[in-house]
Amino acid sequence: MSFAYLPWYTGDYLRDTRHLTPMRHGVYLLLLAHCWDQKGPVPLDEQEAAGIANCRSADEIDALRYILDRYFVRMDDGWYNKRMVEEIARAETISDTRRKGALEGVRLRRAAVRQAEAEHERNTSTACPGSPIPTPNTTTTSNPTPTPTAYPPSSDKQLNPSPSSLSVSSLRSETCSSSVVPARSRKISLDAPPPAREEWGAYRESYLARYGVEPVRNAKVNRQLQELRKRLGAEAPDVIRLYLQHNGAFYVRAQHQLDLLVRDAEAMRTQWATGRRVTDKEARDLDQHDGKAAKWNRLIEKARLEDEELATRTGS
């Protein structure tokens with residue numbers, strides 16, 4: 001289970017906090033978010049705790065003290081919330097279980113491939129000796145035999161060999177060499193370097209670190225990784241890592257699927273190159289700013305047109 005989001009049980013929370021003021025609600029939620037992100041307690045130092053909950057005024061400090069005394073337990077190394085401790089332990093257990101399951105799945109797939117390879121090699125090694133050998137047809141018929149065409153003596157191969165020149169060993173050799181593909185050329189290996197190896201390594205490592213499970217690998221993912229490598233070149237792995245660290249709401253809701261990165265590849269590369277991530281709030285603020293600017297431009301243009309019309313009337 002990922003720590004990128006906090007499971008919040010609204011019924012349990014409201015049952016225990018309906019009497020709180022909005023200020024105390026805010027302090028409590030900020031402290032819980034800190035415990036979840038750090039997987040640890042609220043510091044004992046009151047100034048540090050106040051900084052975490054953004055408490056500055058005397059009323060806010062009183063709210064902080066009330067929340068700590070009512071909903072947290074003081075220990076030697078900090079303030080602990082009982083429910084938060086249980087949720088963190090539960091999340092870590094789920095994450096470990098999924099990680100072990102993913103590793104076991106990889107091990108089983110590799111074992112299955114090795115078994116298939118071994119069975120294929122056994123079948124290939126026994127295919128030639130067990131193949132039926134055609135018997136030359138030496139039966140004569142009443143049809144007249146056409147006169148054979150003379151070939152130069154320097155020819156190395158007869159086009160129509162006589163039945164007596166055919167041997168079992170020669171037929172077996174020709175049959176094996178023409179119908180059986182060597183096992184080495186048909187070998188399937190998971191260790192072979194896949195397409196977009198560096199891009200896949202960056203995506204897999206970052207995805208596993210964020211979500212605690214292995215990402216899906218299929219033909220679609222391969223095509224998307226190749227597309228990213230084609231469009232971003234050697235910078236693709238670094239851009240992929242930045243994408244998995246991005247906390248944009250749309251990316252998080254989609255759990256950072258590659259479809260969105262392929263769509264926003266160039267924009268994500270710009271954020272990586274500039275070292276500046278565009279958050280959802282910044283995007284909304286810019287949109288509002290553009291809307292206000294457009295409104296003012298319209299008002300200015302309207303005023304200019306009115307002035308021109310007034311000047312025209314006055315001049316006439």
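This is a short chat about cores, a helix and a pocket in a predicted model.

Me: What should I know before I look at numbers in this predicted model?
Reply: Local features need pLDDT of at least 70, side-chain atom pairs count only at pLDDT 80 or more, and totals for chains, interfaces and linings use all residues. Residues are numbered from 1 along each chain as its sequence is written, and side-chain values use heavy atoms, with hydrogens and water left out.

Me: Which residues in the largest nonpolar core touch the most other members?
Reply: Val27, Tyr28, Leu31, Val42, Leu64, Ile67 and Phe72, out of 24 residues. A nonpolar core here is a set of buried Ala, Val, Leu, Ile, Met, Phe, Trp, Tyr and Cys residues joined through side-chain atoms within 4.5 Å. Buried means under 20% relative accessible area, with a 1.4 Å probe and protein chains only.

Me: Which elements give two or more residues to this core?
Reply: α2 (22–38), α3 (46–52), α4 (58–71) and α5 (82–127). Helices are DSSP runs of H or I, at least four residues; strands are runs of E, at least two; both are numbered from the N terminus.

Me: What does Val27 touch?
Reply: Ala53, Cys55, Ala63, Leu64 and Ile67, not counting residues up to four places away in sequence. Contact means heavy atoms within 4.5 Å.

Me: And Trp79, buried or exposed?
Reply: Trp79 is buried, at 11% relative accessible area. Trp79 sits in strand β2 (residues 78–80). Beyond its neighbours within four places in sequence, its contacts include Pro41, Val42, Leu68 and Phe72.

Me: Switching to α12. Which residues are buried there?
Reply: Ala265, Met268 and Gln271, in α12 (residues 265–274). They lie on the same side of α12, because they cover an arc of only 125 degrees around the axis. That arc is taken from the directions from the helix axis to the C-beta atoms.

Me: What do those buried residues of α12 pack against?
Reply: α8 (219–232), α9 (236–245), α10 (249–253) and α11 (258–263).

Me: Which residues are closest to the centre of the second largest pocket?
Reply: Tyr13, Tyr28, Leu32, Asn81 and Arg83, of the 21 that line the pocket. On a 1 Å grid over the protein atoms alone, a pocket is an open set of points where a 1.4 Å probe fits, with protein on both sides within 12 Å along at least five of seven lines; lining residues have an atom within 4 Å of a point.

Me: Which helix gives the largest share of that lining?
Reply: α1, with five residues.

Conventions. Buried < 20%, exposed > 50% of the residue type's maximum accessible area, 1.4 Å probe, protein only.
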